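Hi everyone, thanks for making time. I'd like to walk you through a model, so please have the structure open as I talk.

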Amino acid sequence: MENLLNTAHPMSGYVPMLISAWEQGNDVICRGASHLLFAHIPEGNPVAVVDAIIALTHFDVAAPAFGIGTCWAGFVAAAATSYEPLQKELDLPAGRKSAYAMMFGHPQYKIYGIPLRKPLEVMWQ
Ligand SMILES: Cc1cc2nc3c(=O)[nH]c(=O)nc-3n(C[C@H](O)[C@H](O)[C@H](O)COP(=O)(O)O)c2cc1C
């Protein structure tokens with residue numbers, strides 16, 4: 001985040017707020033999640049990123065059935081494309097790159113705020 005301060009990067013305007021939250025002990029990047037999942041793809045394949053997003057979306061949808069909470073990790077995913085220390089830490093197999101990332105773990109909160117839906121009316125003809 002500090003590398004993006006005062007640059008032409010599209011995230012540059014947001015980073016002061018993110019850095020300040022982090023310095024105050026508020027993890028607005030990973031929300032204190034215990035795990036990060038990375039979908040990685042072959043370098044040089046322009047369509048593989050869609051496969052990676054589909055794979056993560058399936059994980060996202062299936063996780064609650066196993067009591068697991070998820071959150072898309074857009075900031076981490078962005079860092080994984082360009083921030084060398086993170087790339088070293090990931091140590092992906094040769095010829096592979098991160099396409100996107102997702103946080104997951106046992107959720108701290110239970111969601112009660114899902115809007116009620118009107119009963120579905122189905123007419124069979
Ligand atoms: C592509 C994408 C990237 C996201 N990246 C992050 C992130 O890096 N950190 C974070 O805390 N939430 C991230 N989120 C989650 C959003 O902050 C938000 O919680 C989520 O979209 C659900 O919003 P809603 O509950 O208002 O519908 C991301 C969401 C999406 C769709």
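Let's begin with the face of α1 that is turned away from its buried side: that face carries the exposed residues Met17 and Glu23. This is a predicted model, by the way, so please hear everything I say with that in mind.

Now turn the helix round. Which residues of α1 are buried? They are Val15, Leu18, Ile19 and Ala21. Seen down the axis of α1, these buried residues fall within an arc of 160°, so they line one face of the helix. There is a handy rule behind that kind of pattern. An α-helix has 3.6 residues a turn, so residues three or four places apart point the same way. And what do the buried residues of α1 pack against? Their partner is α3. Just after the helix, have a look at Gly25, which follows α1 and has a positive phi, near 85°.

Let's go across to that partner, α3. Here the buried residues are Val76, Ala77 and Ala80. They cover an arc of only 100° around the axis, which puts them on the same side of α3. On the other side of α3 you'll find Thr81 and Ser82, both exposed. The buried residues of α3 pack against β1, which is residues 35-42, and also against α4 and β3.

Next, the ligand, which I suspect many of you have been waiting for. Around the ligand sit Val28, Ile29, Arg31, Cys71, Trp72, Ala73, Gly74, Phe75, Tyr100 and Met103. By class, that shell has eight nonpolar residues, one polar and one charged. Which elements supply at least two residues each to the shell? They are β2 (69-72), α3 (74-82) and β3 (96-105). So α3 comes up again, as one of the elements supplying the shell.

What about polar atoms around the ligand? A nitrogen atom of the ligand is 2.8 Å from a polar backbone atom of Gly74. A ligand nitrogen also lies 3.0 Å from a backbone N or O atom of Trp72. For Phe75, the ligand atom is an oxygen, and the distance to a polar backbone atom of that residue is 3.0 Å. As for cover, the ligand on its own has 620 Å² of accessible area, and the protein covers 41% of that.

Let's move to the segment before α1. Ser12 has its place there. Is Ser12 buried or exposed? Its relative accessibility is 12%, so Ser12 counts as buried. If we leave aside neighbours within four places in sequence, Ser12 is in contact with Leu4, Leu5, Asn6 and Thr7. With Thr7 we can be specific: a polar atom of the Ser12 side chain lies 3.3 Å from the backbone oxygen of Thr7.

Thr7 is found in the segment before α1 too, and with a relative accessible area of 35% Thr7 is partly exposed. A polar atom of the Thr7 side chain lies 2.8 Å from the backbone oxygen of Leu4. To give you a feel for the distances involved, Thr7 and Ile111 are 104 residues apart in sequence and 38 Å apart in space, C-alpha to C-alpha.

Asn6, one of the residues in contact with Ser12, has a phi near 55°, a positive value in a residue other than glycine. Asn6 lies in the segment before α1 and counts as exposed, at 76% relative accessibility.

Where is Asp91? Asp91 lies in the loop between α4 (84-90) and β3. Its phi is near 50°, which is again a positive value in a residue other than glycine. At 63% relative accessibility, Asp91 counts as exposed.

One last stop, on helix α2, residues 48-62, where Ala55 is found. Ala55 has a relative accessible area of 44%, so this residue is partly exposed. In sequence, Ala55 and Ala39 are 16 residues apart, while in space they are 7.6 Å apart, C-alpha to C-alpha.

If you'd like one thing to keep in view, go back to α3: its buried residues pack against β1, α4 and β3, and the helix supplies at least two residues of the shell around the ligand. Thanks for listening!

Methods. Residues numbered from 1 in each chain as written. Predicted model: local features only at pLDDT ≥ 70, side-chain atom pairs only at ≥ 80, totals over all residues. Heavy atoms only, no water. Near = heavy atom within 4 Å. Polar contact = N/O pair within 3.5 Å; in protein donor to acceptor, adjacent residues only side chain to side chain. Areas by Shrake-Rupley, 256 points an atom, 1.4 Å probe, with all protein chains shown as cover. Helix = DSSP H or I, 4+ residues; strand = E, 2+ residues; numbered from the N terminus. Nonpolar A, V, L, I, M, F, W, Y, C, P; charged D, E, K, R; others polar. Buried < 20%, exposed > 50% of the residue type's maximum accessible area, 1.4 Å probe, protein only. Arc of directions from axis to C-beta. Contact = heavy atoms within 4.5 Å.
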